[in-house]
Amino acid sequence: MVFGQVVIGPPGSGKTTYCNGMSQFLSLIGRKVAVINLDPANDALPYECAVNIEDLIKLSDVMMEHSLGPNGDHYLLFDFPGQVELFFLHSNAKNFIMKLIKKLNLRLTAVHLVDAHLCSDPGKYISALLLSLSTMLHLELPHINVLSKIDLIGSYGKLAFNLDFYTDVQNLSYLQHHLDQDPRASKYRKLTKEICEVIEDYSLVDFATLDIQDKESVGNLVKLIDKSNGYIFAGIEASAVEFSKIAVRPVDWDYYRVAAVQEKYLKDDENFDYDNN
């Protein structure tokens, strides 16, 4: 059984940088990592590729040649292109991933990166929520949404709310006031309201945060991914009760991703209020 991540997200969300940093971190903690680049536009890769789509070769053959299959004991990172329609509209990418899962007995988690600067624009944030939800429903994989480049969030301008509003996707009606201040968005008020209701009705979307340069931040994200794709159970011989105990074990993530992240990356003099909306 091989574990790994399907790294997706819009252009500029930091997918290649993520794969580079994540592969280094996983190597440091003792995992054999193989990065598969599936983006033909990646012509200046910062990481060493086990498989590169530019070589136009058959992925399954290379994986067997380099012992990356079920007996190879590698952790796989798939660096996908940034065309978002591949993951919420078209079926080709999904079919490709499902074939790999079945043929090579893979356990994959989709890691969907969204640039944290979208939180500073209510309209763009709602668009990111809709994209995240659509992608989750389309791919049908264990899925983690990530606000990437969180270390730069303080440079994008003052946020309307505390960080946990955006990570936990709280009551989206609070955003309506801020959207109404934008004359470009006012004519779409009804559409925006209905989109927010759809997102809240599904109640599936939330976000982890990531500073790829910070080992603690990467480590906390790895804990979430390991739980979602089952890596934490690998090699464990235990009863269903013991597995359940492992599954519900806290990962010390909630506090880190909200309070500590906000304290570290947002200015102390920023005042957030929900009452003026």
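Select Gly230 to begin: this residue, just after helix α10, takes a positive phi of about 90 degrees. The model is predicted, and that applies at every stop below.

Now step back along the chain and select residues 215-229, which make up α10. The helix has 15 residues, and its first and last C-alpha atoms are 21 Å apart, close to the 21 Å expected at 1.5 Å a residue. Colour α10 by burial. The buried positions are Ser217, Val218, Gly219, Asn220, Leu221, Val222, Ile225, Asp226 and Asn229. At the N-terminal end, show the side chain of Asp214, which caps the helix. One of its side-chain oxygens lies 3.1 Å from the backbone nitrogen of Glu216.

Next, hide the helices and show the strands. An open sheet of 7 strands appears, in the order β3-β2-β4-β1-β5-β6-β7, with parallel pairing. Select residues 49-52 (β3) and 207-209 (β7): these strands stand at the edges with a single partner strand each, so one side of each has no neighbour in the sheet. Looking across the sheet, the twist averages 25 degrees from one strand to the next.

For one pair in detail, select β1 (residues 2-8) and β4 (residues 75-79). The two strands run parallel and are joined by 5 bridges. Within this pair, Gly4 stands opposite Leu76 of β4.

Bring back helix α1, residues 15-28. It packs on the sheet and touches β1, β2 (33-37), β4 and β5 (106-115). The direction of α1 makes about 170 degrees with that of β4. Then add α4, residues 92-104, which lies across β1, β4 and β5 and runs at about 150 degrees to β5.

Stay with α1 and select Tyr18, a residue of that helix. Is Tyr18 buried or exposed? Its relative accessible area is 1%, so Tyr18 is buried, the cut-off being under 20%. Which residues are in contact with Tyr18, leaving aside its neighbours within four places in sequence? They are Gln5, Val7, Val111, Leu113, Leu210, Ile212, Leu221 and Ile225. Leu221 and Ile225 lead back to α10, where both are buried. Set a distance between the C-alpha atoms of Tyr18 and Val7: the value is 8.3 Å, for residues 11 apart along the chain.

Finally, show the whole chain. It has 12 helices and 7 strands. Of its 277 residues, 48% count as buried. Among contacts with a separation of 6 or more, 76% are between residues 24 or more positions apart. With the surface on, the accessible area comes to about 14,100 Å², and 51% of it belongs to carbon and sulfur atoms.

Methods:
Residues are numbered from 1 along each chain as its sequence is written. This is a predicted model: local features need pLDDT of at least 70, side-chain atom pairs count only at pLDDT 80 or more; totals for chains, interfaces and linings use all residues. Side-chain values use heavy atoms; hydrogens and water are left out. Helices (H or I, at least four residues) and strands (E, at least two) are DSSP runs, numbered from the N terminus. The expected span of a helix is 1.5 Å times one less than its number of residues. Buried means under 20% relative accessible area, exposed over 50%, partly exposed in between (1.4 Å probe, protein chains only). A polar contact is a pair of N or O atoms within 3.5 Å; within protein, one must be able to donate a hydrogen and the other to accept it, and residues adjacent in sequence count only if both atoms are side-chain atoms. Two strands pair if DSSP finds at least two bridges between them. Axes are lines fitted to C-alpha atoms, for helices over the stretch in contact, and angles run from 0 to 180 degrees between N-to-C directions. Contact means heavy atoms within 4.5 Å. Accessible areas come from the Shrake-Rupley method with a 1.4 Å probe; for residues, only the protein chains shown count as cover.
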